[in-house]
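Work through the following exercises with the structure open beside you, and try each task before you read its solution.

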Amino acid sequence: MSDHIRAASSPSRHGSEHGWQHAVTPQQRNRILVATWMFTLCFMILVMVMLGGATRLTGSGLSIMEWAPLMGTLPPASQTEWERLYALYQKIPQYALVNHGFGLDGFKHIFWLEWTHRLWGRLIGLVLLLPLIFLVVTRRIERSLIPRLILIFVLGGLQGAVGWFMVASGFFPDSTAVSPYRLVIHLSFALLLYSALLWTALSVLNPEPRPLSGTVGLRRMSAVTLVLVCITIIAGGFVAGIHAGLDYNTFPLMDGRLVPEGYGEGHRAMFENIPTVQFDHRLLATLTALTALLTGLIGFRRGGNARRAVLPLMVAVILQYALGIATLLSVVAVPVAVVHQGMAVLLLTAAIVTLHSLRGAGRTASINAPASSH
Ligand code: HEM
């Protein structure tokens, strides 16, 4: 049994109901340090996802033709270097088909966003690696966590490579944007990394599930909600990837119909046919919202801790649904679409936090409660 639970079950030990809060042990201090580091990384990934959205929506993602993880940190220092990079960009189809003749100033405009996106990625790598070494060397991190953290670090490195794999698809002949499949892989990898960090941070902070009797059904519902949120996010990636948000800009009907004409037609319609991809995203979003709200309702009826656990999920899903409609009605205005993309991460956060706080569902408050696995 952890100090946390032990103290909570015998509050008088420290002379007040919340006495345990004042008696922070070195072990607890280390846990708070490790969790804060991970939450910082999560926040940096959230910013990265929004930066990535802005890069995509402004058509900036293909402006840097080279993958130079170290040398690329510094922006061009001379006019000659700018002209060399601009000349490289002029060779790709996107220049000829979309940005022909926009000049060096136009090029600089799209360059800076992509450069900032990549710089932020490098910074995340550093904030992941340097504190990890420090925490391991000073033995502030539990040994059992080290393999998982190494895995997270490898995943982070892979994400950089996946990003390049995605960008490279934008240089194919006749292509003016990246492959939607690779865009979805890139987004999914970012969110996998985010989720792994968030779950680990929450477990470091609260190693013991809080006993919650009679809430097994609620926990299952919140697990289903989390799965639906993930599927809807992936579907959103395809909407973004094939620019499906630029058509059918009405809600709830699509061209005056509930199910649009042409739905399901053609090869790989689920991923490449605009009415199908957009309709599926709407349908999945609606299913996700209804499931989250039902989960919320059950939690509210239970009251107490369960109510606290579901509230952020309900608020996040309503906001995200409304932002999705706003993105559509504004014909994908950049600021609205970027916020919709960022809010997807916050909704994912709410779903993970809810599920994590319900880990103890079905357990009763017993001093013999088994220790949790992270
Ligand atoms: C649970 C609710 C929702 C979630 C989790 C969600 C998630 C997402 C994500 C993650 C993206 C962008 C992916 C990327 O850029 O790679 C996206 C794009 C989009 N979503 Fe949603 N969405 C939700 C609801 C909605 C609703 C209700 C609508 C409209 C009725 C909508 C319309 C759109 C549109 C038009 C885009 C494309 C925007 C762009 O090109 O950047 N979404 N969604």
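A residue is called buried if 20 or more other C-beta atoms lie within 10 Å of its own, exposed if 12 or fewer do, and partly exposed in between, with the C-beta atoms placed from the backbone. This is a predicted model, in which local features need pLDDT of at least 70 and side-chain atom pairs count only at pLDDT 80 or more, while totals for chains, interfaces and linings use all residues. Residues are numbered from 1 along each chain as its sequence is written.

**Exercise 1. Describe the overall make-up of the protein.**

Solution. Begin with the elements, which are DSSP runs numbered from the N terminus, helices being H or I runs of at least four residues and strands being E runs of at least two. The protein has 12 helices and 0 strands. Next, take the extent: the C-alpha trace spans about 75 × 55 × 30 Å along its principal axes. Finally, of the 374 residues, 34% count as buried.

**Exercise 2. Classify Tyr248, Arg268 and Val277 as buried, partly exposed or exposed.**

Solution. Tyr248 lies in the loop between helix 8 and helix 9, and because it has 18 C-beta neighbours inside 10 Å, it counts as partly exposed. Arg268 is also placed in the loop between helix 8 and helix 9, but with 9 other C-beta atoms within 10 Å it is exposed. Val277, in helix 10, has 24 C-beta neighbours inside 10 Å and therefore counts as buried. Leaving out residues up to four places away in sequence, Val277 touches Phe238, Val239, Ile242, Ala244 and Phe271, where contact requires that the C-beta atoms, placed from the backbone, lie within 7 Å.

**Exercise 3. Find the backbone features in the loop between helix 8 and helix 9 that depart from what most residues show.**

Solution. Start from the general rule that most residues other than glycine have a negative phi, and most peptide bonds are trans. Tyr248 has a positive phi, near 50 degrees, and the phi of Arg268 is likewise positive and near 50 degrees. Then look at Pro252, which is found in this loop between helix 8 and helix 9: a cis peptide bond joins Phe251 and Pro252, with omega about 5 degrees.

**Exercise 4. Determine how helix 7 packs against helix 8.**

Solution. First take the geometry, in which axes are lines fitted to C-alpha atoms, for helices over the stretch in contact, and angles run from 0 to 180 degrees between N-to-C directions. Helix 7 (residues 180–205) and helix 8 (residues 216–241) pack at about 140 degrees, with their axes 9 Å apart. Angles under 35 degrees count as roughly parallel, over 145 as roughly antiparallel, 65 to 115 as roughly perpendicular and the rest as oblique. Helix 7 and helix 8 are therefore oblique to each other. Now identify the residues that meet: helix 7 contributes residues including Leu183 and Leu187, and helix 8 contributes residues including Ile233 and Phe238. By class, this contact of helix 7 with helix 8 has 9 nonpolar, 3 polar and no charged residues, where Ala, Val, Leu, Ile, Met, Phe, Trp, Tyr, Cys and Pro count as nonpolar, Asp, Glu, Lys and Arg as charged, and the others, Gly among them, as polar.

**Exercise 5. Describe the surroundings of the ligand.**

Solution. Count the shell, taking a residue as near if its C-beta atom, placed from the backbone, lies within 6 Å. The ligand is surrounded by 31 residues, of which the closest are Gly236, Ala240, Gly245, Ala285 and Gly324. By class, the shell divides into 18 nonpolar, 12 polar and 1 charged.

Methods: Contact = placed C-beta atoms within 7 Å.
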